[in-house]
Amino acid sequence: MTAAITPDGFQRALAITRAAYQDVVRADPGFDKRFPKAGSGLDRAQEELAANKLGGPAYMIANAAKDIAGDFYLREDPDRARELLELAVRLYEFRNDDGRYTQSIDRCRENLLALGSVSVQPAVTPDAAAEARAQPAPRSPSVPQSQVPQQAAVATAHAPTLPAIPSPAAPPPSTPSTRRHSGDADGADVREPNADAPPNWEQLLRDWRSGLDGETLVEHLFDGLGELISDLVTRNAPASADRLAAVIADDLRVLAEELAGVTVDVEGHLALHQRAIIARSVSQMASSKHSRGGTPAELRQVRAQWLTSALWNHALCRHWPSNGYQTVADILGYLQMIQIENRYRPDQRELLLAVSESAAQIAIGELKDSRREKVRHVFTWLRHAVGVQLHVGGPDPVAPEDSTSHARVQNPNEPGRHLHPETWAVHLLSQWVHEEEHWYSVAFILLNLAGWKADRLEGLLDGLYRTPPGVPVSDEARRVRDFWHELAMKALATTRTVRVVKNAWEPGVVGASSSLSTRDQDDFVQLSNRLLQGMAAELAPRAHGTMVQGALFSGRPVPTYLTFNNFGPVGVLKIDEAAKVQREKENFDEFGELLHPFYRSSKCVVGSTTIANSTNGRRYQAILTSYVFRDRDEPTTLRDWLRTAGAKRDDTGNKVLDEQGREVVDPNVLRDVVEELFLDALGPWLSNASRSMGDLRGEYPALRPATFERTSYAPGKDAESELAHFTSDEVARTFGSDGGLSWRSPTLEPLLHGSALGRSPLVDDAAVTNPLWLVAHIADVAKPGGSEEAALFDWLLYDRQYGLTTRSYLTCVSHGDLHGENVLVSGPDGRPPALYIIDFETTHRGHICKDFARLESALWSRTFVWKPDQLSQIRAWFSNALNGEALWTAQIPGDVDPEVQRVLNCVTKLRTILKGCEQRNWPINDLEYQWALLASLLPFARYRDHEDPVNRHLPFLLAADVADSLVTRARTAM
């Protein structure tokens, strides 16, 4: 059955469409190139109408009207767009008996709905409502019933009745009726509300609250919607779910307040369907109005409108199960508004990246191609989300507040103007084709947004490069699209060759494997398995069967992994800030190769992939240091080795126990390893010592004044920044002290009062010197409070023999971070272990005491979780081995606990080796090592990667002992 249109009606349709076409060509000369068939189609329609042919002209005029409205008038003149779209629908329906034009009709109606061509149904009486519920949904009289299934979505079930085609005697306006916003840098159009717009939101709420008896309160539908949104995000972007959970929960709470008192007949699909149509239309209009932002209250209301539309569509699914994709589309509209609200806020960078990642993955993962075609505005949202990921979270991340004004997204055709976020993705992909250093980074972003699946990658790229109907993809765009598809598929293939055994830095979400951006959580960087696989594969592209496991380094804040191939361990892979990775590579090239090849890595390679930390925007890279491990080696850290090594065994292999049933430790095994570490492994550095005159405070961040300029070691760190760490909430919790640990008191007494530290059995003297107070005055953070204090610090700083600032001291190449996890120990039982030095990021030429003091501090803090009796033994020995010759020659008590004995054997040996490094006329005095110990112990008191709080209390109290010794020496000498 065809819709009746007279020959005169066709002539009027042709006249209206040709006038609109001519106006568009005058206003936009490029239109004719984008839609070359529009003008020729109208000419051919005129010829066929002259020959009394009607079938062909209907199709050709309808196509032209649809293209003209969709490409131009939707933006420039909504009233004229509405007229053309309604005209196109009538013409398509003229010959749609076989359904060939149904898809085109649906597209036109979607645009009509977006323009607000929906009327609010009048209230009905209860009898009329009951009768309506008993009847099937009404259908457009101009569409054959066989072509519209009962499950038809918003676009078809309540299509508005189309008016008769108007006479050309009263032509529509030929110029756009819009106004420009004077503050809009991109020249976007802001339209006045049109007369046919949907009712305002407040009126809708009033209408919905005046429901009928027996209807269900809408609050009973909220749980189902919340579960659906949570499930969508968790299933598609699990690593972003936690970050979005609070926002979604809060918006659902606001939605409940907004819809309080609203009722609906959940058993009848008519009311639900009508409400879904109107809510979608209201949401789209509001989104368009606020596309460049708005007040928090305005944007929150738009989010509530999208959630309301999702609520009605979700409830409608019980009647029309195939309607689920409409609910997904509404949820994407909701996520789009979260992006709009946060895309320029530096404090919400992580939320912005989480919501854009979720939106892109849901759009590709939940909507099939045919469904995306039915809700075409999803393509715009998809391009927006991918553009944010590439621009703000990509290989060269831009701060959100600078994103729209950055030179990278400047409009190439209009200098001084910048591209809309919806065009960022395609624009940046075209740029980065020519920048090889970004290739793998971009490939991983695309794979991540595609869920690391080949078919979704196709859908993602097709969505980005989708063109309007009738406009072919340009050869250049197709070339760029194919380039990224080929590269991403190659990256996907190599990623699958890497197996992850243990990743201690995986985001804390079950099944989370798709998070691209790293994220700081409690100072630990989070890294997904997928991204880890990709970064490892790039650095070892030929090593099929590569395996990475992080169990050995799981306590580190920086992701670090031992890598294996078919023949055993081959190296250490680390993911760290790009600047630190580059420093490590430079330090290895300058200093690492001075070491014997047996003890250091054979090569050091940095990957090209750069990822952004979604918390702060810092760039991260991977570095692989390769070692010549023996085939049977099972590397462990020096810390773990020290926990069990050295136990004496009898002829049968059993451990020898003393009279108290404790294992007997062979001190020579431990001492030999410490000697090999310093005199063999680090010997080339240590032996290349020279004397320097300088300010020793600059060697240690904990002592360094803020004005001291030093960039080769721990740049940007000084005493002021170190002291600030001790007032953090985390330190306050660990030490049980309100406000953390303050430097303002000269003794520990105020810090101990009522605190967990004060309840420690280690504390026997509250009058001991506060090490933070000493540091603050030494580093010029605070000024002395009187003449006595001034004299005290004058001696500590400027004494000719012992002063910090003008002293002569030995320097050598220093590792800079020599602790038990940066030395690997390997080898089968029964032979001396092999040692391997790792992590050269802080290597530099510095104070000769630095590595010794750093390792000693780590031995006290990170080897064992100490028991109370062990702590008492440590504190007693340490305080008696601080001054004079006792510092170098203190003996180990015979009745000391075996675990304490292990550490003391190592500490006494390393102190002996350091003393042997002195020059005859310039000995290393006890104060020089005490300053190194003080500066090394304090950081261990604030590090979070300890097994137990007591392992942070101990280094702080040992630092207090050192501080007390220094102050006592100064007062004695004054």
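Before I begin, one term: a residue is called buried here when its relative accessible area is under 20%, exposed when that value is over 50%, and partly exposed in between. With that in hand, we can turn to helix H37, which covers residues 950-973, and which is mostly covered, since 18 of its 24 residues are buried. I should also say at once that what we are looking at is a predicted model, and I would ask you to keep that in mind throughout.

Staying with H37 for a moment, its 24 residues should span 34 Å at 1.5 Å a residue, and because its end C-alpha atoms are 35 Å apart, the expected and computed values agree. A second helix to set beside it is H17, made of residues 377-392, which has 16 residues and reaches 23 Å from its first C-alpha to its last, close to the 22 Å expected. Of those 16 residues in H17, 14 are buried, so this helix is largely enclosed by the rest of the structure.

Let me step back to the chain as a whole. The protein chain holds 37 helices and 19 strands, and of its 974 residues, 56% are buried. If we take the contacts with a separation of 6 or more, 72% of them are between residues 24 or more positions apart.

Now to the strands, and to two of the sheets. One is an open sheet of three strands, in the order S15-S16-S19, with antiparallel pairing. Strand S15, at 690-694, and strand S19, at 844-847, stand at its edges with a single partner strand each, so one side of each is left without a neighbour in the sheet. On average, and ignoring direction, neighbouring strands here are turned by 45 degrees against each other. Looking at the pairing itself, S15 is joined to strand S16, residues 807-814, by five bridges, and the two run antiparallel; as one example, Arg691 has Leu810 in S16 as its bridge partner.

The other sheet is also open and has three strands, in the order S14-S17-S18, again with antiparallel pairing. Its edges are strand S14, at 636-637, and strand S18, at 834-837, and because each has a single partner strand, one side of each lacks a neighbour in the sheet. Two bridges join S14 to strand S17, residues 823-826, with the strands running antiparallel, and the bridge partner of Thr637 in S17 is Leu824. Helix H25, residues 667-681, lies across S17 and S18, and runs at about 50 degrees to S18.

From there I would like to go down to single side chains, beginning with Arg854, which sits in helix H32, residues 850-862. Is this arginine buried or exposed? With a relative accessible area of 13%, Arg854 falls under the 20% cut-off and is therefore buried. Which side chains does the side chain of Arg854 meet in polar contacts? One partner is the side chain of Asp817, at 2.6 Å, and another is the side chain of Tyr943, at 3.3 Å. Leaving aside neighbours within four places in sequence, the residues in contact with Arg854 also include Leu818, His819, Ser936, Pro939 and Phe940.

A second polar residue to look at is Gln549, in strand S8, residues 546-549, which is buried at a relative accessible area of 16%. Its side chain reaches the backbone nitrogen of Ala551 at 2.8 Å, and, not counting residues up to four places away in sequence, Gln549 touches Val501, Lys502, Tyr561, Leu562 and Phe564.

Next, a word on backbone angles. Most residues other than glycine have a negative phi. Trp452, however, has a positive phi, near 60 degrees; this tryptophan lies in the loop between helix H19 (439-449) and helix H20 (454-464), and at 3% relative accessibility it counts as buried. Asp780 likewise has a positive phi, near 65 degrees, and is found in the loop between helix H30 (771-778) and helix H31 (787-798), but Asp780 is partly exposed, with a relative accessible area of 39%.

Finally, the cysteines. How many disulfides are counted in this model? The count comes to zero, where a disulfide would need a pair of cysteine sulfur atoms within 2.5 Å. Two cysteines to point out are Cys108, buried at a relative accessible area of 1%, and Cys906, buried at a relative accessible area of 1%.

Terms used
Residues are numbered from 1 along each chain as its sequence is written. This is a predicted model: local features need pLDDT of at least 70, side-chain atom pairs count only at pLDDT 80 or more; totals for chains, interfaces and linings use all residues. Side-chain values use heavy atoms; hydrogens and water are left out. Helices (H or I, at least four residues) and strands (E, at least two) are DSSP runs, numbered from the N terminus. The expected span of a helix is 1.5 Å times one less than its number of residues. Buried means under 20% relative accessible area, exposed over 50%, partly exposed in between (1.4 Å probe, protein chains only). Two strands pair if DSSP finds at least two bridges between them. Axes are lines fitted to C-alpha atoms, for helices over the stretch in contact, and angles run from 0 to 180 degrees between N-to-C directions. A polar contact is a pair of N or O atoms within 3.5 Å; within protein, one must be able to donate a hydrogen and the other to accept it, and residues adjacent in sequence count only if both atoms are side-chain atoms. Contact means heavy atoms within 4.5 Å.
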